[in-house]
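Me: I'd like a close look at a single part of this protein, one strand and what surrounds it. Could you walk me through it at an easy pace?

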Amino acid sequence: MVTSTGTERGGPPPLCIAGPTASGKSAVALALAECVPTEIVSVDSALVYRGMDIGTAKPTAAERAAVPHHLIDIRDPATPYSAAEFARDARRLITGIRARGRLPVLVGGTMLYFKALWDGLDELPPADAAVRRQIEERAAREGWPALHAELARVDAVTAARLAPGDSQRIQRALEVWQLTGRPMSALHTTKSRASGADWVSAGGLFSLEPADRAWLHARIARRFDDMLAGGLLDEVHALRARGDLTADMPSMRCVGYRQVWDTLDGRAPAETLRERGIAATRQLAKRQLTWLRSLPARQVVPVDDRAVPAVLAQRLLKWTVQSNF
């Protein structure tokens, strides 16, 4: 089991900047770094993979040179990285950053990573290619809604939060059930009292949330267009050409990569790629916002075209001063 970090003694908890994809989290974190010595810990399940730069909107070399970034480019796409590993690595990094007299700033939108760090998770079994293949074969015959109905029978809690077409998460939940005989919801449980509630109540979780959902949708569309123009298809083509990656690997299931892979594989028409990529990203943003809104003690930072990163960073800076950083 992974245990929680909790609030560090002798100082404030790490500052967390969360929010849906394309909400401007990285820009705010970089602006904050111009005001106070910080190091950024990425809370993003896609940024961990090397060679996946365009489709992840990875920080540029200049940005990473200006401010130390951690947990980026630490894994080959063929090697999965779990939430439990993130929690372990993030705790170690937080301790080291504070020892260097800097503020740890956790930035990202992978909410399971935040939960693992705050609350702790039982170790989930690693992906099993044979089990996943069997589940995918069944889905091809019966459809994902039928497998969602099966999941509801063995893990009603997990099924209730998943859409019948959420193939990736349905597959993982059924995989965990088959490998362990236990529902995933029984494994994703709170393991520590001094957990995320301490961090949130201490004021250290800032959630960048759009006042108008249409604003976020427009940003998502522009960013996906930029990725396509920047060579996303070529990036995925090069990853496929390696020969050791498959569509069911966590790295290739990342939003954008999965849609391009399906196009290159001939499983989806090329003319629908943009539409599918934008739709998948919007669905991701909706899930992220749902999770964040379940934390009423978070500090909501409204974002739109008038929300200048430097101005938002000043609000976060006030927290660091109040916390005697």
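Which residues point one way from β2 and which the other way, and are they buried or exposed?

Reply: Happy to take you through it, with one note before we start: this is a predicted model. From β2, Thr38, Ile40 and Ser42 point one way, while Glu39, Val41 and Val43 point the other way. Each of these residues is buried. In a regular strand, side chains alternate between the two faces of the sheet, and that is the pattern to keep in mind as you look along this one. Six of the six residues of β2 are buried, so the strand is largely enclosed by the rest of the structure.

Let's place β2 in its sheet. The sheet is open and has six strands, in the order β3-β2-β4-β1-β5-β6, and the pairing is parallel. At the edges stand β3 (69-70) and β6 (299-303). Each of these two has a single partner strand, so one side of each is left without a neighbour in the sheet. In the order of the sheet, β2 sits between β3 and β4.

Strands of a sheet pair through backbone hydrogen bonds, either parallel or antiparallel. On one side, β2 (residues 38-43) pairs with β4 (residues 103-108) in the parallel sense, over six bridges. Two positions help to line up this pair: Ile40 stands opposite Val105 in β4, and Val41 stands opposite Leu106 in β4. On the other side, β2 and β3 pair in the parallel sense over two bridges. Here Val41 turns up again, standing opposite His70 in β3. Val41 is thus a handy residue to centre your view on, with Leu106 of β4 opposite and His70 of β3 opposite as well.

Now for the loops that follow these strands. Ala57 lies in the loop between β2 and α2 (61-66). Its phi is near 50°, a positive value in a residue other than glycine. Ala57 has 37% relative accessibility, so it counts as partly exposed. Asp73 lies in the loop between β3 and α3, and its phi is near 60°, again a positive value in a residue other than glycine. At 23% relative accessibility, Asp73 counts as partly exposed too, because buried means under 20%.

The loop with Asp73 leads us to α3 and its packing. Helix α3 (residues 83-99) packs with helix α4 (residues 111-119) at an angle of about 60°, their axes 8 Å apart. The crossing of α3 and α4 is right-handed. From α3, Ala83, Phe86, Ala87, Ala90, Arg91 and Ile94 meet Leu112, Tyr113, Ala116 and Leu117 of α4. By class, this contact has nine nonpolar residues, no polar ones and one charged residue.

Finally, here is the setting as a whole. The protein has 15 helices and six strands. Buried residues make up 50% of its 325 residues. Of the contacts with a separation of 6 or more, 76% come from residues 24 or more positions apart. The protein exposes about 14600 Å², and carbon and sulfur atoms supply 52% of that area. Against this background, β2 is a strand with six of its six residues buried, paired with β4 and with β3.

Technical notes: Residues are numbered from 1 along each chain as its sequence is written. This is a predicted model: local features need pLDDT of at least 70, side-chain atom pairs count only at pLDDT 80 or more; totals for chains, interfaces and linings use all residues. Side-chain values use heavy atoms; hydrogens and water are left out. Axes are lines fitted to C-alpha atoms, for helices over the stretch in contact, and angles run from 0 to 180 degrees between N-to-C directions. Helices (H or I, at least four residues) and strands (E, at least two) are DSSP runs, numbered from the N terminus. A crossing is left-handed if the near helix is turned anticlockwise from the far one by less than a right angle, and right-handed if clockwise. Contact means heavy atoms within 4.5 Å. Ala, Val, Leu, Ile, Met, Phe, Trp, Tyr, Cys and Pro count as nonpolar, Asp, Glu, Lys and Arg as charged, and the others, Gly among them, as polar. Two strands pair if DSSP finds at least two bridges between them. Buried means under 20% relative accessible area, exposed over 50%, partly exposed in between (1.4 Å probe, protein chains only). Accessible areas come from the Shrake-Rupley method with a 1.4 Å probe; for residues, only the protein chains shown count as cover.
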